[in-house]
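Me: I would like to go through this model one piece at a time. Please keep the answers short and end each on the name or value I ask for.

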Amino acid sequence: MSTDATPLLRSPLHERHLALGAKFAAFGGWEMPLEYAGGGVLREHAAVREAVGVFDVSHLGKARVAGPGAADFVNACLSNDLGRIEPGRAQYTLCCDEATGGVVDDLIAYLIGPDEVFLIPNAANTAEVVRRLAAAAPAGITVTDEHRAYAVLAVQGPGSAETVAALGLPVEHGYMSFSTARLDGVELIVCRTGYTGEHGYELVVPWDDATRVWDALAGAGVRPCGLGARDTLRTEMGYPLHGQELSLEITPVQARSGWAVGWSKPAFWGRDALLAEKEQGPRRSLRGLELTGRGIPRGHMHVYAGSTLVGETTSGTFSPTKKVGIALALLDTSAGLAEGDVVEVGIRGRRAEARVVKPPFVQTSVR
């Protein structure tokens, strides 16, 4: 249920999740599975690291930008350089605020062709991304919110290729590329992307056909995984989550996401502010923390170097793979902390020792 007057939206697979005994939680205005009966975060996490799991991430946004020169228009707005990729490929990119360089959202751009780009933003930010693009679009270019036109199923893990291939879907295309295919008469997009650090595929499926594809995956023996495991998996990889590692107050320079910025492009939203911050150097920087003893860090916990407050965690969890507490944290660059340095995290009235590390916390392969 919603905590306010606005009811939570539901995936087209909600009844399937109920039948599987899912425990639900609110994510960006949607009621989505956190974990499943007979599974739980630890088993679901292990399934993705060791075999294969499927996530319903239909709460993610979908938007389409179409019209003559649509790709060039998107490229002049979003941070990464679409000119680096060809049609049939996808790209991680950022929608930044023009004035401050803060991050409105991070998203995946599917380059269909010079006149069409399909976008997958985060659930809570879809309307704002669409609003900003629509307001800037020249005549002849349309920006359409297709949030509930498609479902998205993420098949992730070292066994994902074998599983997807067994359904007759293509699996040989390279990382961050996509192709169209059909499954039981359903036309869908198969993209080599994911948010777990493992080899995987994201299936973009027409909303009304989602149950048929989900049932086919269930028939192949894929373990359903909830967004609890998705969070532990992405934290182990050091992947940012908007609202925690990225936000209007946290720029890509601070989040060490400058690799997703086309610095040499003549135009993108926030370019001047970000170039200035990059040249001057950010006042804080995102780092990894690995606890040396017991304790589970969470977001918004103070980080100390000796008696000095040097920053705050943005995300924290118990790493099911490493069996230790891990966190991402924004640390003051003036503190001069380097990898291997020892800090302390304030956890429930005590300080837990941690080492500064460079994510990812675990070694995997998305390729």
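Me: In strand β4 (residues 53-56), which residues point one way and which the other way?
Reply: This is a predicted model, so the answer holds for the computed coordinates. Buried means under 20% relative accessible area, and the residues of β4 are all buried. One way point G53 and F55, and the other way point V54 and D56.

Me: Which strand runs antiparallel to β4, and which residue there stands opposite G53?
Reply: Strand β10 (residues 150-156) runs antiparallel to β4, and 4 bridges join the two. Within β10, D56 has L153 as its bridge partner. The residue opposite G53 is Q156.

Me: Which strand pairs with β4 in the parallel sense, and what stands opposite F55 there?
Reply: The parallel pairing is with strand β14 (residues 223-225), over 3 bridges. Opposite F55 in β14 stands C225.

Me: In what order do the strands of the open sheet of 6 strands lie, and which are its edge strands?
Reply: The order is β11-β12-β13-β10-β4-β14, with mixed pairing. From one strand to the next the twist averages 30°. Two strands pair on one side only, and these edge strands are β11 (178-183) and β14.

Me: At what angle to β10 does helix α6 (residues 210-219) run?
Reply: Two helices lie across strands named above. Helix α2 (residues 40-50) crosses β4, β10 and β14, at about 115° to β14. Helix α6 lies across β4, β10, β11, β12 (186-191), β13 (200-206) and β14, and its angle to β10 is about 15°.

Me: Why is one side of β1 (9-10) and of β2 (23-27) left without a neighbour in the sheet?
Reply: These strands belong to an open sheet of 3 strands with mixed pairing, in the order β1-β3-β2. β1 and β2 stand at the edges, so one side of each has no neighbour in the sheet, because each has a single partner strand.

Me: Which residue of β3 stands opposite F24, and which helix packs on this sheet?
Reply: β2 and strand β3 (residues 30-35) run antiparallel and are joined by 5 bridges. F24 has P33 opposite it in β3. The helix that touches β2 and β3, with its direction at about 70° to that of β3, is α7 (residues 227-237).

Me: How far from R284 is the nearest side chain of opposite charge?
Reply: R284 is found in strand β15 (residues 284-291). A salt bridge needs a side-chain nitrogen of Lys or Arg within 4 Å of a carboxyl oxygen of Asp or Glu. R284 is buried and has no salt bridge; the nearest side chain of opposite charge is E312, at 6.5 Å.

Me: Which side chain is joined to that of R284 by a polar contact of 2.8 Å?
Reply: Leaving aside neighbours within four places in sequence, the residues in contact with R284 include E249, I250, L330, L331, D332 and T333. Another residue on that list is Q254. The polar contact of 2.8 Å is with the side chain of Q254.

Me: How many residues apart are E128 and R131, and which network do they belong to?
Reply: Their side chains meet in a salt bridge of 2.7 Å, N to O. Both lie in helix α4 (residues 126-136), 3 residues apart, which is about one turn of the helix. E128 counts as partly exposed because its relative accessibility is 26%, and R131 counts as partly exposed at 48%.
The salt bridge between R351 and E344 is 3.5 Å, N to O. Salt bridges that share partners form one network of D97, E128, R131 and R132.

Me: How many salt bridges does the structure hold?
Reply: One of them joins E187 and R182, with the closest N and O atoms 3.2 Å apart. E187 is partly exposed, at 48% relative accessibility. The number of salt bridges in the structure is 16.

Me: What separates the C-alpha atoms of P359 and A327?
Reply: P359 is found in the segment after β20 (350-357), and at 23% relative accessibility P359 counts as partly exposed. Not counting residues up to four places away in sequence, P359 touches M237, G238, G288 and L328. A327 is 32 residues from P359 along the chain, and their C-alpha atoms are separated by 9.7 Å.

Conventions
Residues numbered from 1 in each chain as written. Predicted model: local features only at pLDDT ≥ 70, side-chain atom pairs only at ≥ 80, totals over all residues. Heavy atoms only, no water. Buried < 20%, exposed > 50% of the residue type's maximum accessible area, 1.4 Å probe, protein only. Lys, Arg positive; Asp, Glu negative; His and termini not counted. Polar contact = N/O pair within 3.5 Å; in protein donor to acceptor, adjacent residues only side chain to side chain. Contact = heavy atoms within 4.5 Å. Pairing = 2+ DSSP bridges. Axes fitted to C-alpha atoms, helices over the stretch in contact; angles between N-to-C directions.
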